[in-house]
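Welcome, and thanks for taking a look at this one with us. Please have the sequence and the model open side by side as you read the briefing.

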Amino acid sequence: MAQPVPVLLWAWCALTALAGAAQGSFEVSVSPEAAVVEHGGSVWINCSTTCRDPGAMGGVETSLTTTDRKSGPGWVAFRLVNIKEWASSPQCYFTCNGTIKLVTANISAYRAPERVVLEPLPEMELGQAYNVTCWVLNVAPVTHLTVTLRRGGETLHTETFQSHTGTGPDNITVITEITPQRRDHGQEITCHTALDLTPHGSHFENSSSAVELKVYGAAQGSFEVSVSPEAAVVEHGGSVWINCSTTCRDPGAMGGVETSLTTTDRKSGPGWVAFRLVNIKEWASSPQCYFTCNGTIKLVTANISAYRAPERVVLEPLPEMELGQAYNVTCWVLNVAPVTHLTVTLRRGGETLHTETFQSHTGTGPDNVTVITEITPQRRDHGQEITCHAALDLTPYGSHFENSSSAVELKVYGAAQGSFEVSVSPEAAVVEHGGSVWINCSTTCRDPGAMGGVETSLTTTDRKSGPGWVAFRLVNIKEWASSPQCYFTCNGTIKLVTANISAYRAPERVVLEPLPEMELGQAYNVTCWVLNVAPVTHLTVTLRRGGETLHTETFQSHTGTGPDNITVITEITPQRRDHGQEITCHTALDLTPHGSHFENSSSAVELKVYGAAQGSFEVSVSPEAAVVEHGGSVWINCSTTCRDPGAMGGVETSLTTTDRKSGPGWVAFRLVNIKEWASSPQCYFTCNGTIKLVTANISAYRAPEQVVLEPIPEMELGQAYNVTCRVLNVAPVTHLTVTLRRWGQTLHTEIFQNHTGTGPDNVTVTHEITAQRSDHGQEITCHTALDLTPHGPHFKNSSSAVELKVYDLPEEPWLQTSRYIEVGARPLARCGVAGVFPVAGEAWFTLSFGGVSLNFTVTTLDNTATAQGEVWSPSPGQHQLNCTVTVGPVSRSAGQSVLVYRLPEPVLEVNESRTLVNSSVTVTCRSPEADPPGVLLQLRDAERVLVSSPPAQPLVQLHLTAGEEDNGREFTCEATPVSGIPAMKRTSARLTVLYGPRMDDSGCPREWIWKEETEQTFSCLARGNPAPAVVCTKDGVPVSIGVQRQVRREDAGTYHCKASNAHGSASRDVTVQVEYLNILGLALGLVGAAAALTGLGVGGYMYYRSTRIRNYRLRRQQAKQAEQGKPAEQMSLNGATQNTPELEHSV
């Protein structure tokens, strides 16, 4: 038993379901989606996913018992066993990258009827009412059950149970009332059940044992009155013959009809009288036939209904639809009667959306009917057509009329950005020859500049257009078949779609050849001509005698699309009862769903049948023809018009006869265990020494044992495939019709009237289809009809449905990766394909490099799928990157050659990376072996290439004498493949040059001039590597270097500075002068100024000038030192290494 999924997991699933289709979305599906299994039986349920994650986990949640788990990439299957729940809903789930999705299947259990029992009937009195009761025991599901009560081959009553509540088994009782007639004596009543579980299960048929009717009349001299037809359905304002007959032997018996209808053309003969009822405008009437026999009156009532075929079927226009929103589809059927016989069906393409009947409708007159159903459009609905079909089924007492609305095309928007479709409406049309039709080309393209048009050999007028559509009127259509093409250009891409236009011509005239006066029992041909009709393949011609169908012929194998004259011939052998009957020829040109349905008929030809001379007698057999289940039985009744009480009758047959019964003028035998597929027992009577006989035709049938539709493989768009249906062990094959359907659309119908042999046979029907996008997800079914009417049952059976899966990859895949990959690198490779159908998630990728499969992830966007994975190889060389994309049976591949190379890091060696100044240094640049071989080496510093190697030389060297300026110099070795691979490797090294201290004016000026009481900093720097330590003293006392202080007079003097490191030392004396104001000297100068003014003036000027020049030079030297900052060599203040530029600029 499967374990329940935790509540949190369910919550997570619900949230992710609301989140939309994120990058990397996936789907979960279950197969079968619905199954019908025998109670206590088992079924495999397969859960599959489009998730590409190898770690995706799947399972099933169900209250049923699971066994025999199987799994593979993207699927897991369980066997559900001992299914005793009548309805259950197991749930498949998958977890993909932390997201859960689930889908539900519907499993139903069934039980075929345990027994079908028909309640015994008592001996019956002629004309009294009796109940026929059938019990169907222990059957489920009852909603799929149909129970039919039959008398011989005639259906008495059919009942379905679609409104039954409950899913478990139940006992069903069906009751109908019959009033036995004389002809019913010896007939058998049977009860038949059909449990139809298709397309998800089997179709079971069962029947009860037969109950024989025993009908007895009143006392000697009684008689009966009958009317033919007992019920009739006539076009409003039309006419019908009504025949009243009696078993009364009194030559003076008088008959007539009581009715509110108008009667004309009275005819009569011994024991019968007939009237023509004309201009019937009462929607329901009940004329009464009566006969007076020996002073006693008896009457019987017929039921006459008038009908009106739908005046018009109108489908309300639909707006442009938003994907996923709900819309009402409304159909009006105007002016139809009787509504109780009407069925309205709304279809989308070949799929039935909604069917509605009106059996509870009150009123017999015409009415307008409205049918509404709701649809929620999906992406695949765009361009589909909605149609409304009305069927007024008046059988078995009248015709069957079908009519349909014009199609309304669905326009669904919300498609992904960039993608577009082109559609044409109508996709197919049937137009009167010389007529016209509007053809509308539309697109989902959002580009305002999209351009559309139509290519056709037909004449176009009256162009109209709007956003996303353009329409043309095709006029004077005289080509019997043409294929105009709609096209649109959207963002530079052209798409087109083809419509099919057929021209028709309704029959110009339907002519029934006149018939001569006929002799009773002789054979005559009935010939009907249908003149100037097209297309003949849609024509059906039916010959009728009264309300009885004599012969029906179709012309599906007719070649040619233009008009033709058709001749239909059938043979009849007139009987006494045929006298006064009318023969008519009816044509139906059925162009639905793309055109109209035309019915036409010939004038009626009355049969005039005459017997032999006075005193002659007739022998008849009932039934004249019968179709019996193989091994079954039938009563055959031989009767005569001979008045001789000593007339003797019997039957000649190779069949086994039992249970002989007889009466005045008749004798009956039960033929049992009928195993001859065709036999002809002969009834005979001897009357006054004359023998006459008549032959019956007894056929045995076997309903199809099985209808099998061969599985159809996954299909590639545009390719042709055979659909094959096998019907096993059926007889007689000549009465078999096999129809292949795609949803509600008929693909192919085949009949077998030319089949030879009467016994059972296996029949194979094959039809070729070309896969289209619209076929995806559609179901193909094979339907058989073994039509044994009017002499036997009508059996229908069908195969299980086979779902069509159509796939397409219209474009080649593309590859995106580098042409050169280094050994050990893992660059990304992408492979994508656009236009995947039906969905991008159906695409399966195979990505390999050098023959090794790669790990990859798949993402989808609209109809594009992309696989992405890392490409790598441990060995160099030329390798092939291959990508194969598969959807269903369609594969597309792309390949790209990639060079995997090895380029090692170059080796850079400096023989002495730390060396003394003026030493010899060798710098070597070399490359290990590369693949492909051949490397260009370059040795460079920060400014230029110093030396390059020839392509074949894996080493270069540089020799130099180390100078102070080489300290910190960086060398780079670069390796580049000579094969043109866009790659380079580098290795760098730095040279260190060691030397002793250097002191000069730039770092340690020899003289400083300061003003008293100003803030100054004493600075003395030295170059050297390693950085030298500098110590300055004044009068043997150490002085702080680089420290700001206030200048005093005693700071003036000579300072001794010494720099030293491991490689030597250097010294320098620095003089500091302090300027201050000398008052005493000033006074003395004033006193002696007068005496030596001239000499002092000249001397003072010379002294002032030299002082200013010296001060200017000193300040200039200090400013230059400040601008230079820290020199390239390392400097030191007071023995400590200094890195602060501001200190290097101090004065």
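Does P664 count as buried or exposed? With a relative accessibility of 79%, P664 counts as exposed, since the cut-off for that label is over 50%. Please keep in mind that this is a predicted model. The notes below go from the overall build to the cores, and then to some backbone details.

**Overall build**
- The protein contains 107 strands and 4 helices.
- Its radius of gyration is 54 Å, well over the 32 Å that the globule rule gives for 1147 residues, so the protein is more spread out than a compact globule.
- Along the principal axes, the C-alpha atoms fill a box of roughly 200 × 65 × 60 Å.
- Among contacts with a separation of 6 or more, 65% are between residues 24 or more positions apart.

**Surface and charge**
- Buried residues make up 41% of the 1147 in the protein.
- The exposed area is about 57900 Å², with 47% of it supplied by carbon and sulfur atoms.
- There are 112 negative and 83 positive side chains, and the centres of these two sets lie 10 Å apart.

**Nonpolar cores**
- In soluble globular proteins, nonpolar side chains tend to be buried together.
- The largest nonpolar core here has 30 residues, and those touching the most other members are L709, M715, C725, L736, V738, L740 and V763.
- Two or more residues of this core come from each of β71 (706-709), β73 (720-730), β74 (736-742), β76 (761-770) and β77 (779-787).
- The most generous of these is β73, which gives 5 residues to the core.
- Beyond its neighbours within four places in sequence, L709 has contacts that include V723, C725, L740, I780 and V802.
- A second, separate core has 28 residues, including Y307, L318, Y327 and A390.

**Loops and cis peptide bonds**
- P664 sits in the loop between β65 (656-663) and β66 (666-672).
- The C-alpha atoms of P664 and T641 are 9.9 Å apart, with the two residues 23 apart in sequence.
- Most residues other than glycine have a negative phi, and most peptide bonds are trans.
- S622 and P623 are joined by a cis peptide bond with omega of about 0 degrees, and P623 is in the loop between β61 (619-622) and β62 (625-629).
- Another cis peptide bond joins A731 and P732, with omega of about -5 degrees; P732 is in the loop between β73 and β74.

**Positive phi**
- N138, which is not a glycine, has a positive phi of about 60 degrees and lies in strand β13 (residues 130-139).
- N729 is not a glycine either, and has a positive phi of about 60 degrees; its place is in strand β73.

Key: Residues are numbered from 1 along each chain as its sequence is written. This is a predicted model: local features need pLDDT of at least 70, side-chain atom pairs count only at pLDDT 80 or more; totals for chains, interfaces and linings use all residues. Side-chain values use heavy atoms; hydrogens and water are left out. The radius of gyration is taken over C-alpha atoms; the globule rule is 2.2 Å times the number of residues to the power 0.38. Buried means under 20% relative accessible area, exposed over 50%, partly exposed in between (1.4 Å probe, protein chains only). Contact means heavy atoms within 4.5 Å. Accessible areas come from the Shrake-Rupley method with a 1.4 Å probe; for residues, only the protein chains shown count as cover. Lys and Arg count as positive and Asp and Glu as negative; His and the chain ends are not counted. The place of a charge is taken as NZ of Lys, CZ of Arg, CG of Asp or CD of Glu. A nonpolar core is a set of buried Ala, Val, Leu, Ile, Met, Phe, Trp, Tyr and Cys residues joined through side-chain atoms within 4.5 Å.
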